[in-house]
Each structure stands twice: as C-alpha cells, then as structure tokens.
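Hi everyone, thanks for making time. I'd like to walk you through a structure that will be new to most of you, so please have a look at it on the screen.

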Amino acid sequence: MSKESRMRATVNQKLTEMGERERLKELLRAKLTECGWKDQMKAHCKEVIKEKGLEHVTVEDLVVEITPKGRALVPDSVKKELLHRIRAFLAQHAT
Amino acid sequence: MKMEEVSMSSLDNSKLEGLAQDILSDLVEDACLGLCFEVHRAVKQGYFFLDDTDQESMRDFEIVDQPGLDVFGQVYNQWKNKECVCPNCSRSIAASRFAPHLEKCLGMGRNSSRIANRRIVTGNNTNNKSESDQEDNDDVNDNDWSYGAEKKAKKRKSDKNPNSPRRSKSFKHKNSMMGPRHRMDNQESPRMLMKDEAFPQ
C-alpha cells in the first residue's frame with residue numbers, strides 16, 4: 001500500500017508543481033459559475049445568514065451549511081469534464 | 001500481454017480512478033470553501049445584501065419567461081414586418097431591409113459608391129431606381145439588377161473587386177458617388193481596370 005501512497009504523493013506534487021492544480025481550480029470555478037451553481041449556493045447562503053443573523057454568522061456556520069449541499073449540487077457534466085482532464089493528466093504523469 | 005499484467009493494469013486503473021475522484025473531491029471542496037470565505041467577507045464588510053431591494057421592486061423587475069416575449073416583457077419581433085417610409089425616395093421599405101436601402105439611397109454606405117459607379121458607367125438602362133437595384137444587392141454586389149448590363153456588370157466585378165480597396169489610395173472619398181475608380185472606367189474595355197495601372201494617365 002505504501003507504493004500506492006507514494007504514487008499518490010508524487011502525483012499530487014506534480015499536479016501542484018506543474019500548475020495543473022491551479023488551472024483545474026480555475027476551470028472548476030468558471031464552470032460552476034457558468035452553470036448557475038454559484039448563484040444557487042449564494043441564495044442558500046442568504047437563507048442561512050437570515051437564519052443565523054447577519055451579525056453573528058461565522059465562517060464555520062457557512063462551511064457546515066454550504067459544503068455538503070455544494071458538493072451534491074455540482075452538475076454531472078462539470079464533474080465529467082473535470083474528471084476527463086484529471087484522468088488525462090494521470091495517464092501522462094502517473095505511470 | 002501476460003495475464004498478470006492485465007490484472008495488474010486493471011488494478012492500477014481502479015486505483016487511478018479512485019485517485020482521480022479524490023482529486024476532484026478536493027477541488028470541489030476547495031471551490032465550496034472559497035465561496036464560503038467570499039460570502040463571509042461580504043457579510044462582514046456589509047456588501048452582501050447590497051444588490052437586493054425591497055420585495056415589491058424585486059417582483060416588478062423579475063425576469064419574464066413567456067414565449068414571444070423577451071426578458072423585459074416586451075414583444076421582440078413586432079418590428080419584423082413593419083414598413084418604414086424612406087425619407088429620401090419616399091418609398092415604403094420593409095424594416096429589416098431599411099438600413100441597407102438607406103445606404104444605397106443616400107449614397108453613404110461602403111458599397112453604395114461602387115454600385116452607383118457601375119450604374120452610371122453601364123448606362124441608365126433602368127433609370128428609375130427599381131426594386132432589384134436597391135434591395136437585392138445587399139450581400140452580393142451584382143445580383144441580377146439590370147437585364148442588359150448584367151453580363152458586363154459581372155465581368156467588371158471580377159476585375160473590380162480584388163482591386164477596389166487598394167486602387168484608390170490617395171483619392172479615397174467615402175461619400176462621393178464618383179469615386180476615383182470612375183476615371184479609369186472605359187465603356188469599351190473593362191479590362192483596363194487593372195491594379196497596376198496608376199491613376200494619372
């Protein structure tokens with residue numbers, strides 16, 4: 001198993017060093033904005049804030065409320081596209 | 001490929017797939033966190049609710065989603081079949097053809113001087129500005145606008161077109177109907193309209 005974890009570590013390192021991680025992040029952000037995910041999540045945030053009160057809401061509150069819903073609401077097309085790119089990167093650099 | 005290698009590579013594949021999923025998961029989490037920070041900062045700095053107004057105004061300006069209307073609730077194709085009266089020739093022109101017609105009619109567009117030149121040079125077969133003259137000429141310069149001069153016009157087009165932008169370097173008048181090309185125009189031999197022949201003759 002340590003071979004695997006070594007491989008993972010190497011891949012992650014390469015991902016960061018080559019700038020691919022950053023590019024993927026930007027791509028994901030752009031796609032999520034495009035497909036309306038960001039607006040959906042912002043609307044949800046508004047509800048949370050109204051609930052908790054504008055003055056008292058903390059980062060933790062938001063994270064706890066937003067993250068699970070955010071993960072679930074990512075559209076499949078976006079996931080597919082990102083995975084495609086990740087797999088391509090792995091195919092090139094993981095073997 | 002040996003059997004062991006095949007099974008090894010499929011094992012690797014599933015591991016790679018798992019790795020890919022993990023990386024995706026990290027990226028998504030990162031995006032969510034980013035959003036949380038952004039929202040939290042907006043809340044604490046006081047600009048999160050800035051673009052909201054009261055409920056009533058929000059309802060007034062809500063996006064309209066009905067067939068036949070645009071997002072503002074206006075009918076968007078009601079001008080398609082309307083007709084406008086040209087201030088120049090006082091004819092009734094269809095709305096979508098109005099702008100090109102004005103171009104030709106007022107003699108101010110990009111192509112209007114060329115067409116006017118052609119018309120003048122090849123004689124006034126149809127002296128009255130006929131329909132085909134103005135309206136069919138829009139994208140193809142020399143549509144069948146005039147019966148007799150059609151062939152001549154077509155021949156000249158092949159001579160003229162590659163040259164016209166370049167030929168009038170020193171004399172380019174945008175608004176004049178009698179462009180510099182006009183000087184070279186010779187009714188008998190359109191072949192004289194060659195790029196290399198200079199203007200002063």
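Let's start in helix 2 of chain A, where A:Arg23 and A:Glu20 sit three residues apart, about one turn of the helix. Their side chains meet in a salt bridge, 3.1 Å from N to O. A:Glu20 is buried, with a relative accessible area of 10%, while A:Arg23 is partly exposed at 43%. Please keep in mind throughout that this is a predicted model.

Staying with helix 2, what does A:Lys31 pair with? The partner is A:Glu81, in a salt bridge of 3.4 Å, N to O. A:Glu81 belongs to helix 5 of chain A and A:Lys31 to helix 2, so this pair ties together parts that are 50 residues apart in sequence. A:Glu81 counts as partly exposed, at 35% relative accessibility.

Now please move over to helix 1 of chain A. Here A:Arg8 and A:Glu4 lie four residues apart, again about one turn of the helix. They form a salt bridge whose closest N and O atoms are 3.6 Å apart. A:Glu4 counts as buried at 17% relative accessibility, and A:Arg8 as partly exposed at 25%. A:Arg8 also forms a salt bridge with B:Asp22, with the closest N and O atoms 2.8 Å apart. That gives a network of salt bridges linking A:Glu4, A:Arg8 and B:Asp22. As a general point, side chains of opposite charge can pair when their charged atoms come close.

That network brings us to the interface. How many salt bridges does the rule find across the interface of chain A and chain B? There are six, and the search of the whole structure finds 11 over all chains. Across the interface there are also eight residue pairs in polar contact. On the chain A side, helices 1, 2, 3, 4 and 5 each supply at least two of the residues that touch chain B. Helix 3 gives the largest share, eight residues. By type, that side of chain A divides into 23 nonpolar, five polar and 13 charged residues.

In total, 41 residues of chain A are in contact with 29 residues of chain B. The area buried between the two chains is about 3200 Å², and carbon and sulfur atoms give 75% of that. Within chain A, our friend A:Arg8 turns up again: A:Arg8, A:Lys46 and A:Arg71 lose the most area to chain B, together 16% of what that side buries.

On to chain B itself. It has eight helices and two strands, and of its 201 residues, 31% count as buried. From the N terminus on, the elements run α-α-β-β-α-α-α-α-α-α.

I'd like to show you three spots in this chain. In the loop between strand 1 and strand 2 you'll find B:Ser90, which has a positive phi of about 60° although it is not a glycine. B:Ser90 counts as exposed, at 56% relative accessibility.

Next, B:Thr122 sits in the loop between helix 4 and helix 5 of chain B. B:Thr122 is buried, at 12%, and its side chain reaches the backbone oxygen of B:Arg118 at 2.6 Å.

Finally, the count over all chains comes to one aromatic pair. The rings of B:Phe48 and B:Phe49 have their centres 5.1 Å apart and their planes at 70°, so the pair is edge-to-face. B:Phe48 counts as buried at 8% relative accessibility, whereas B:Phe49 counts as partly exposed at 25%.

Thanks for listening!

Key. Residues are numbered from 1 along each chain as its sequence is written. Chains are lettered from A and ligands numbered from 1 in the order in which they are written. This is a predicted model: local features need pLDDT of at least 70, side-chain atom pairs count only at pLDDT 80 or more; totals for chains, interfaces and linings use all residues. Side-chain values use heavy atoms; hydrogens and water are left out. Contact means heavy atoms within 4.5 Å. Buried area is the accessible area (1.4 Å probe) that two parts lose on being put together, summed over both. A salt bridge is a side-chain nitrogen of Lys or Arg within 4 Å of a carboxyl oxygen of Asp or Glu. A polar contact is a pair of N or O atoms within 3.5 Å; within protein, one must be able to donate a hydrogen and the other to accept it, and residues adjacent in sequence count only if both atoms are side-chain atoms. Ala, Val, Leu, Ile, Met, Phe, Trp, Tyr, Cys and Pro count as nonpolar, Asp, Glu, Lys and Arg as charged, and the others, Gly among them, as polar. Rings of Phe, Tyr and Trp (its six-membered ring) pair if their centres lie within 6.5 Å; planes under 30 degrees apart count as stacked, over 60 as edge-to-face and the rest as tilted. Buried means under 20% relative accessible area, exposed over 50%, partly exposed in between (1.4 Å probe, protein chains only).
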